[in-house]
Amino acid sequence: MAKKGSNQTVLGLSLLGMLIAPPLLLYPGTTYQNVALEAVGYLVLIISMLVPIIKG
């Protein structure tokens with residue numbers, strides 16, 4: 001039972017990362033020419049997309 005709840009928490013955080021990365025990291029990174037912020041945004045987005053594939 002605890003394993004299922006933990007899995008749902010990880011998937012929920014992953015979804016939150018997918019929803020938050022573009023407006024908070026990618027858009028300001030491209031608007032202000034900040035390569036580091038853009039790179040972190042892409043890393044968060046890619047990791048958030050891989051978590052459901054691995055945990056799913």
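Start your tour by selecting Leu13: with a relative accessibility of 54%, Leu13 counts as exposed, because the cut-off for exposed is over 50%. As you look around, keep in mind that this is a predicted model.

**Stop 1: around Leu13**

Leu13 sits in helix α1, which covers residues 2-31. Now add Leu15, Leu16, Leu19, Ile20 and Leu24 to your selection: together with Leu13, they make a nonpolar surface patch of about 590 Å². Showing these side chains as a surface is a good way to see the patch.

**Stop 2: the whole chain**

Zoom out next and colour by secondary structure. You will find two helices and zero strands in the protein chain. Turn the model along its principal axes, and the C-alpha atoms fill a box of roughly 45 × 15 × 10 Å. The radius of gyration is 13 Å, while a compact globule of 56 residues would have one near 10 Å.

How much of the chain is buried? Of its 56 residues, 18% count as buried. The chain exposes about 4300 Å², and carbon and sulfur atoms supply 74% of that area. If you draw the contacts between residues at least 6 apart in sequence, 47% of them join residues at least 24 apart.

**Stop 3: Ser48**

Move on to helix α2, residues 35-55, and select Ser48 there. Is Ser48 buried or exposed? Ser48 counts as buried, because its relative accessibility is 8% and the cut-off for buried is under 20%.

Show the side chain of Ser48 and follow it to the backbone oxygen of Val44, which it reaches at 2.8 Å. Then look for partners farther along the sequence: leaving aside neighbours within four places, Ser48 is in contact with Ser14, Gly17 and Met18.

**Stop 4: Glu38**

Stay in helix α2 and pick Glu38. Its relative accessible area is 22%, so Glu38 is partly exposed; that class lies between the buried limit of 20% and the exposed limit of 50%.

Which residues does Glu38 touch, not counting those up to four places away in sequence? Select Leu25, Leu26, Gly29 and Thr30 to see them.

For a last look, draw a distance line from the C-alpha atom of Glu38 to that of Ile53. The two residues are 15 apart along the chain, and the line spans 23 Å.

Notes
Residues numbered from 1 in each chain as written. Predicted model: local features only at pLDDT ≥ 70, side-chain atom pairs only at ≥ 80, totals over all residues. Heavy atoms only, no water. Helix = DSSP H or I, 4+ residues; strand = E, 2+ residues; numbered from the N terminus. Buried < 20%, exposed > 50% of the residue type's maximum accessible area, 1.4 Å probe, protein only. Polar contact = N/O pair within 3.5 Å; in protein donor to acceptor, adjacent residues only side chain to side chain. Contact = heavy atoms within 4.5 Å. Patch = residues over 30% accessible without salt bridge, like charges linked within 9 Å, V, L, I, M, F, W, Y side chains within 5 Å. Areas by Shrake-Rupley, 256 points an atom, 1.4 Å probe, with all protein chains shown as cover. Salt bridge = Lys/Arg side-chain N within 4 Å of Asp/Glu carboxyl O. Rg over C-alpha atoms; globule rule 2.2 N^0.38 Å.
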